[in-house]
Amino acid sequence: MDYNDNYGAYAFETDEIIFLWDDAPDDDYMETVEIISKSYSENIKHIAECIFDEIGDVLEAESPEEILDGLGRPQIYPEACQVTYCEHNFDDSHIICFEYFDESFEEIENITIDG
């Protein structure tokens, strides 16, 4: 894996998720990618509900489904347990972020909108 100047990090991209590391990841990074990809997909509705509950009014969303439809491809930082949405469809000037506490995405906190 090489350093990606566009992201300012070591990057591994799939069609659904961009994985980023500040430092070169260990050789077993694909195991992390597989675990997080599966858990993220299984829990994306829960994630959308949490984002809706926390900042849905700021995004002018009317439902968790609207959040789900507008999030776009996430950037996930496994070392920092952080997810960032830069490609969302809500506006052109903000990013949406949250932290997760385990690879199941059942407990997410610190949902913010920056920009």
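Let us start with Cys81, which is found in the loop between strand 4 and strand 5, the latter covering residues 82-85. Please keep in mind throughout that what we are looking at is a predicted model. Cys81 has a positive phi of about 55°, although it is not a glycine. As for its surroundings, Cys81 is partly exposed, with a relative accessible area of 25%.

Now, which other residue here has a positive phi without being a glycine? That is Phe105, with phi near 60°, and you will find Phe105 in the loop between strand 6, residues 95-100, and strand 7, residues 108-114. Is Phe105 buried or exposed? Its relative accessibility is 0%, and because buried means under 20%, Phe105 counts as buried.

Phe105 also brings us to the aromatic rings, of which the structure holds 7 pairs. In one of them, the rings of Tyr100 and Phe105 have their centres 4.5 Å apart and their planes at 40°, so this pair is tilted. Tyr100 is buried, as is Phe105. Another of the pairs is formed by Phe19 and Trp21, which are stacked, with 6.4 Å from centre to centre and 25° between the planes. Both Phe19 and Trp21 are buried. If you follow the ring pairs outward from there, you will see that they link Phe12, Phe19, Trp21 and Tyr29 into a cluster.

Let me turn from rings to charges. In general, side chains of opposite charge can pair when their charged atoms come close. How many salt bridges does the model contain? The count comes to 2, and we can take them one after the other.

In one, Arg73 pairs with Glu13, the closest N and O atoms being 3.0 Å apart. Arg73 lies in the loop between helix 2, residues 64-70, and strand 4, residues 75-77, whereas Glu13 lies in strand 2, residues 9-13, so the pair ties together parts that are 60 residues apart in sequence. Glu13 is partly exposed, with a relative accessible area of 39%.

In the other, the side chains of Lys38 and Glu42 meet, with 3.3 Å from N to O. Where do Lys38 and Glu42 lie? Both are in helix 1, which covers residues 29-55, and they sit 4 residues apart, about one turn of the helix. Lys38 and Glu42 are both exposed.

So, when you go back to the structure, you might look for Arg73 with Glu13, for Lys38 with Glu42, and for the ring cluster that includes Phe12 and Tyr29.

Note on methods:
Residues are numbered from 1 along each chain as its sequence is written. This is a predicted model: local features need pLDDT of at least 70, side-chain atom pairs count only at pLDDT 80 or more; totals for chains, interfaces and linings use all residues. Side-chain values use heavy atoms; hydrogens and water are left out. A salt bridge is a side-chain nitrogen of Lys or Arg within 4 Å of a carboxyl oxygen of Asp or Glu. Helices (H or I, at least four residues) and strands (E, at least two) are DSSP runs, numbered from the N terminus. Buried means under 20% relative accessible area, exposed over 50%, partly exposed in between (1.4 Å probe, protein chains only). Rings of Phe, Tyr and Trp (its six-membered ring) pair if their centres lie within 6.5 Å; planes under 30 degrees apart count as stacked, over 60 as edge-to-face and the rest as tilted.
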